[in-house]
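Subject: Structure for you to look at, with notes

Dear colleague,

I am passing on the structure we spoke about, and I would be grateful if you could read the notes below with the model open beside them.

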Amino acid sequence: MWKNKNVWIILMGEFIAGIGLWLGIIGNLEFMQRHIPSDFMKSLIMFAGLLAGVMVGPLAGRLIDQASKKKILLYAGFGRVVSVVFMFLALHFDNVWYMVLFMVAIQISAAFYFPALQAVIPLVVRDQDLLQMNGMHMNVATIARIAGTSIGGVLLVVLSLEYMYGFSMLAYALLFASTYLLEFQDTPVQPSKNATNQKAGFTEVFRILKEVPVAFNTLVLNIIPLLFIGGFNLMVINISEMQKDPAIKGLLYTVEGVAFMLGAFFVKYASKRTSPQRLMYTYSFIIAFAHLSLFFSDIKWMSLVSFIIFGLGVGGFFPVASTVFQTKIAKTYHGRLFSFRNMFERVMFQIVLLATGLFLDTIGLQYMVLIFGLVSLLILFLLLSRPKAMSLEAKESQSS
């Protein structure tokens with residue numbers, strides 16, 4: 001796998017883009033803290049961009065399956081570069097509405113970029129290398145997140161936000177340039193030869209998910225990490241304010257990121273001992289426990305432990321989930337599948353984001369995490385109590 005230049009291009013591109021992404025996120029959080037006092041209003045600003053991404057999801061799925069995936073990556077990469085211009089306008093005019101436009105533009109680009117990238121990965125690596133590739137891809141993204149947040153914290157102290165977004169734009173430009181170097185055999189589905197399936201769009205995805213229980217359950221289990229991730233930044237800000245310690249924000253991001261990398265690294269060895277299905281349920285339970293343990297987030301060391309547990313759980317969960325989708329579903333549906341998954345996650349992210357902002361303003365962090373943790377356990381209980389689906393999953397696991 002490591003002799004494949006496409007693998008290195010994808011990983012390097014993810015690292016560069018990840019730094020740009022997290023420089024932008026740190027800048028966004030700082031901009032919102034200066035101009036928007038309410039957590040709920042902050043969540044509404046983030047909601048606007050996510051909603052735009054969801055609305056273009058069906059179109060993105062069809063285009064990724066029908067058109068050149070490399071061209072989709074290039075257009076989406078260029079869109080990310082251009083979107084940063086809106087933040088320069090927001091800073092120049094001190095206007096939140098330009099930030100909303102930035103959120104919309106960056107999320108529309110992401111709605112095309114990430115599903116296309118997930119559809120490209122099975123085209124450049126062998127099936128037996130997919131789990132390792134997915135784990136490495138997420139580890140690189142996590143390293144970029146740690147580097148991006150660290151660099152962003154330093155830049156906030158010594159430079160203005162304009163420089164922060166300038167470096168973010170440069171990173172996106174480098175990603176756009178590196179995408180040209182990708183070389184793989186891309187065989188888009190021609191609409192004229194398969195018109196019924198192409199017009200069906202997500203209807204075909206629903207049918208396939210119904211026929212493959214392990215893929216359907218994997219999609220539902222995605223809700224559990226999203227209950228944590230959706231309010232991640234708002235929780236970090238709230239914990240910092242609760243403990244009256246601004247430095248805890250950087251520590252929480254760092255320990256979670258390191259734990260994520262460890263989880264993604266060891267999942268390859270764990271997969272040799274047990275099935276992907278059991279791994280997903282195990283990691284889901286770990287994530288639910290991490291959420292519940294945040295009830296003690298007013299204690300510094302406990303909040304750090306909770307984020308470490310979450311990092312270990314989610315670091316193992318996402319590589320396994322991506323591998324299940326890439327191997328259990330035919331490649332001709334990958335564009336629509338990953339767009340649908342992306343859209344589903346964005347909808348859930350919006351719901352969790354709004355709920356997090358509302359709960360933080362009303363009942364507070366500690367009672368909110370109890371509610372989310374119990375919801376996660378309920379999802380696990382409902383899926384595990386479906387004997388028919390579980391028996392079908394077991395048969396699929398044995399046959400594979």
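What follows is an account of the salt bridges, the enclosed and open spaces, a surface patch and two of the helices.

Please keep in mind throughout that this is a predicted model.

I begin with the charged pairs, since side chains of opposite charge can pair when their charged atoms come close. The structure holds two salt bridges. In one of them Lys 5 pairs with Glu 183, and the closest N and O atoms are 3.4 Å apart. Because Lys 5 belongs to helix H1 and Glu 183 to the loop between H7 and helix H8 (195-200), this pair ties together parts that are 178 residues apart in sequence. Lys 5 is partly exposed, its relative accessible area being 42%, while Glu 183 has 52% relative accessibility and therefore counts as exposed, the cut-off being over 50%.

The other salt bridge joins the side chains of Glu 30 and Arg 34, with 3.2 Å from N to O. These two residues are four apart in helix H1, so about one helical turn separates them. As background, an α-helix has 3.6 residues a turn, so residues three or four places apart point the same way. Arg 34 is exposed, at a relative accessible area of 52%.

Turning to the spaces inside the model, there are two cavities of 30 Å³ or more, and the largest cavity has a volume of about 1,600 Å³. It is lined by 49 residues, of which Leu 21, Trp 22, Phe 114, Ile 229 and Phe 349 are the closest to its centre. Among the pockets, the second largest holds about 240 Å³ of space. Its lining consists of 13 residues, and those closest to the centre are Ile 26, Gly 153, Leu 156, Lys 249 and Tyr 253. At least two lining residues of this pocket come from each of helix H1 (5-35), H6 and helix H13 (248-270).

On the surface, you will find a nonpolar patch of about 770 Å², which is made by Val 154, Val 157, Val 158, Leu 159, Tyr 163, Phe 167, Leu 170 and Leu 174. Helix H6 (130-158) and helix H7 (161-179) are the elements that give two or more residues to this patch, and H7 gives the most, with four residues. Tyr 163 lies in helix H7, and its relative accessibility of 48% means that it counts as partly exposed.

Finally, two helices can be checked against their expected lengths. Helix H4 (residues 69-93) has 25 residues, which at 1.5 Å a residue should span 36 Å, and its end C-alpha atoms are 37 Å apart, which agrees. Just after H4 comes Asp 94, with a positive phi of about 55°. Helix H12 (residues 232-243) has twelve residues that should span 16 Å by the rule of 1.5 Å a residue, and its end C-alpha atoms are 16 Å apart, again in agreement. H12 is mostly covered, as ten of its twelve residues are buried, including Phe 232, Leu 234, Met 235, Ile 237 and Gln 243. Lys 244, which follows H12, has a positive phi, near 55°.

With kind regards

Conventions
Residues numbered from 1 in each chain as written. Predicted model: local features only at pLDDT ≥ 70, side-chain atom pairs only at ≥ 80, totals over all residues. Heavy atoms only, no water. Patch = residues over 30% accessible without salt bridge, like charges linked within 9 Å, V, L, I, M, F, W, Y side chains within 5 Å. Areas by Shrake-Rupley, 256 points an atom, 1.4 Å probe, with all protein chains shown as cover. Salt bridge = Lys/Arg side-chain N within 4 Å of Asp/Glu carboxyl O. Buried < 20%, exposed > 50% of the residue type's maximum accessible area, 1.4 Å probe, protein only. Expected span 1.5 Å × (residues − 1). 1 Å grid on protein atoms, 1.4 Å probe; cavity = no way out; pocket = protein on both sides within 12 Å on 5 of 7 lines; lining within 4 Å. Points joined across faces, edges and corners; volume = space filled by probe spheres on them.
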